[in-house]
Amino acid sequence: MGRKRLRAAQAHLDATMATLAVWFMDQWAKIERGYRRPLTWVALKLKFAFYPLLACAALGWLGWDWTHGRSLDSAEDSVFDSIVQWRPVEPQPSGRTFVVEIDDCSLEWTRAQGIGGWPWPRTVHADLLDTLDRAGVRAVGVDVMFLDPRKDDPNGDAMLDAVAAGGNGRFMFAASRQAADFDAASPLHAAQIAGAYALDAKAHAPGPPVAVYLPFGTSMAKHSAITNVSRGQDGVLRDVPLREVVDDWALPTLPARLVSQLTRQRAASLPDHVRVNWRRNSRMPYISAADLLAGKPVCEAPGSKLPDLRGSVVLVGYTAAGISDTKPTPVNAAMPGVEVWAEATDALLHGGVVWMPPSSFKYLLASLLLILTTYAFWRGEPHEDVDGVFVAVNGLLLTGAVIGLTFFGVFVDIFASIGFVSLCFGVCRMYAAIQRGRAIGNNDFRDEYDPDRYPWLAMVRLRYVKADGLTPFEAVRGKREYRRLLRRQLYAGGDAVMIEGIVERKSWLHEILDDLMLLIWSGADRSSVLEQVKSDLDRLHQSLNQGEHPLDEHGQVMLCISVAEIDDHHDDTTRGERMRLRELLGQDLNATDEFALCADNREALDPAHTLVIDDTSEPDLP
């Protein structure tokens, strides 16, 4: 009993859904016709000129965006962030660049030693640098500001500056560039900043005034570097700057000075900035400052060993809560500033810099893809081929971009370009659907057929026959060009309705019937219908024989015409116009009296093509 009720409830539900589906489709058809038919009118006016117009408008927008906001650059940043976070494999650090952190454990350790908390006496910093020097490091970048001498500890100040002098450039200290509004009142000039260099041969010392906070000691100021960073428009640090530009002068940042000192490479030969191949999991190796000062692990797990720092590069900075200088990066919303400088230094020394093409590349790529896309639609390429090629090309480009960043440190930003071109592709696809909808007689795009107004129909069966002696490739190309040009003519407008292929493409019967096309014209009388047929066929022959692959050299189009009045208002049987239309269609598909498409298709006007339908000669059919 329960099963019967369940089946009854299911049957009732099915009937309700079927009713709602019919109602919805009827109402939705009204909505679709409300905007599709006006768009069809626009398409008939513009024809295929729409595609070059769209290309010009899109190229104009790209040019405007290049000279203004560069929104494609902004899109690139978010895509870059996603890839570095999602990639299955990320590069490993070289292991020869270390971060010595002044962390909470280090501050607690100095308190326990009676030295006090932060700020440390300058002697502690001097001891730390001395320890690193005895460990055999190649260079040290100190991302700690020493702006003013301490009046209560002049000996500590002198000791720290003496260590800086003894390092002879191997120890680089932090300097801070102030806002440009303070430049005019600054006693310092660009040429007085350590490592500064002219960007223009016409620039002369001492250069413009520049507001920079230098370390208090003479030797520390001599071996200092800018530690300011500039973030992206969204506040995320992706590109680490290697210099600060002041008029015609450049002030090198900490990584630039370290690399110049170690490799003897001029800072002027380095780029303005570098994009680090940011890592989410395999971070730079860290060492607590307390472990180095104590000479044994005091902040690490018991039994651990201090790493061998011989021949390495070290960046010293603070990470303790309350004094940590954090920067938002693609992989860490609060990355310590010292790690940012360490990443940039390691990337420059060990080939970890992400190579990126110039910003103009994505605009050129978007322009190229846009032109190719609109050109393919302008040619009248079949939508199923355009869709496949577009998806395949985009898939290859996206895959190549991900692989390039994951394994080769190359980030070619094609994502923003593909996104923009995909938008244009969608517009082209929508417009082509409007053209095709009208060409195949879809009632959403054109008025429904009215047999009372246009009782006469003419059907033309087109059959493509390849020329003898062609290679298989030439034969396929010739047939494809024939169908493309036929489609393009019908998409541009006209009176014919196209049945594009008797069976669906790639079906098991397609190879047998893919040479057949059917065109249908309607009219008030026989002569007007046949005049339409002749005019369109003449134009078709002309278009098929233009270009590099004329039809007459690659094949022939054989025609079979049938014309009949499918509603003469004298039908006393139940057959009606439906059966008349079936007879006309069957006659045209089965007929054998073909003639070849030519420049003047007068044979289409022959009265012999008229099918006389005798309503009384056949039995009634339902």
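Which residues in H8 are buried? In this predicted model, the buried positions of helix H8 are Leu254, Pro255, Ala256, Arg257, Leu258, Val259, Ser260 and Leu262. The helix, which spans residues 254-263, is thus described as mostly covered, with 8 of its 10 residues buried. The residue that follows H8 is Arg264, and its phi is positive, near 60°.

Helix H8 packs against helix H10, which comprises residues 337-350. Two packed helices are described by the angle between their axes and the distance between the axes. For the pair H8 and H10, the angle is about 35° and the axes lie 9 Å apart, and the crossing of the two helices is right-handed. On the H8 side the contact is made by Leu254, Pro255, Leu258, Val259, Leu262 and Thr263, which meet Trp341, Ala344, Thr345, Leu348 and Leu349 of H10. Sorted by class, this contact of H8 with H10 comprises 9 nonpolar and 2 polar residues, and charged residues are absent from it.

An open sheet of 3 strands, with antiparallel pairing, has the order S4-S9-S8. Its edges are formed by strand S4 (197-198) and strand S8 (243-246), each of which pairs on one side only. Strand S4 is joined to strand S9, residues 249-252, by 2 bridges in the antiparallel sense, and within this pairing Tyr197 has Ala250 of S9 as its bridge partner.

A second open sheet is built from 5 strands in the order S17-S18-S16-S19-S20, and here too the pairing is antiparallel. Strands S17 and S20 (595-596) stand at the edges with a single partner strand each, so one side of each has no neighbour in the sheet. Strand S18, residues 516-523, has 7 of its 8 residues buried and is therefore largely enclosed by the rest of the structure. The pairing of S18 with strand S16 (residues 456-466) is antiparallel and extends over 8 bridges, among them the one in which Arg463 is partnered by Leu516 of S18. Strand S17, made up of residues 497-499, is joined to S18 by 3 antiparallel bridges, and Met498 has Leu519 in S18 as its bridge partner. Towards the other edge strand, S19 (residues 555-565) is joined to S20 by 2 bridges, again in the antiparallel sense, with Met558 bridged to Ala596 of S20. Helix H14, which covers residues 472-491, lies across S16, S17, S18 and S19 and runs at about 155° to S16.

A search of the whole structure finds 1 disulfide. A disulfide is a covalent bond between the sulfur atoms of two cysteines. In this model the bond is formed by Cys105 and Cys299, whose sulfur atoms are 1.9 Å apart, and the link is left-handed, with -95° about the S-S bond. Cys105 lies in helix H4 (residues 104-112), whereas Cys299 belongs to the loop between helix H9 (289-294) and strand S12 (313-318), so the pair ties together parts that are 194 residues apart in sequence. Both cysteines are partly exposed, the relative accessible area being 29% for Cys105 and 23% for Cys299. Cys56, by contrast, is in no disulfide, and the nearest cysteine sulfur, that of Cys424, is 12 Å away; since a disulfide requires sulfur atoms within 2.5 Å, this separation does not qualify. Cys56 has a relative accessible area of 55% and is exposed. Cys598 is likewise in no disulfide, with the nearest cysteine sulfur, that of Cys560, 15 Å away, and at 31% relative accessibility Cys598 counts as partly exposed.

A further buried position is Leu62, which has a relative accessible area of 3% and is placed in helix H2, residues 50-67. When its neighbours within four places in sequence are left aside, Leu62 is in contact with Leu72, Tyr363, Ala366, Ser367 and Phe420. Of these contacts, the one with Phe420 links positions 358 residues apart along the chain, and the C-alpha atoms of Leu62 and Phe420 are separated by 9.5 Å.

Methods. Residues numbered from 1 in each chain as written. Predicted model: local features only at pLDDT ≥ 70, side-chain atom pairs only at ≥ 80, totals over all residues. Heavy atoms only, no water. Pairing = 2+ DSSP bridges. Helix = DSSP H or I, 4+ residues; strand = E, 2+ residues; numbered from the N terminus. Axes fitted to C-alpha atoms, helices over the stretch in contact; angles between N-to-C directions. Left-handed = near helix turned anticlockwise from the far one by under 90°. Contact = heavy atoms within 4.5 Å. Nonpolar A, V, L, I, M, F, W, Y, C, P; charged D, E, K, R; others polar. Buried < 20%, exposed > 50% of the residue type's maximum accessible area, 1.4 Å probe, protein only.
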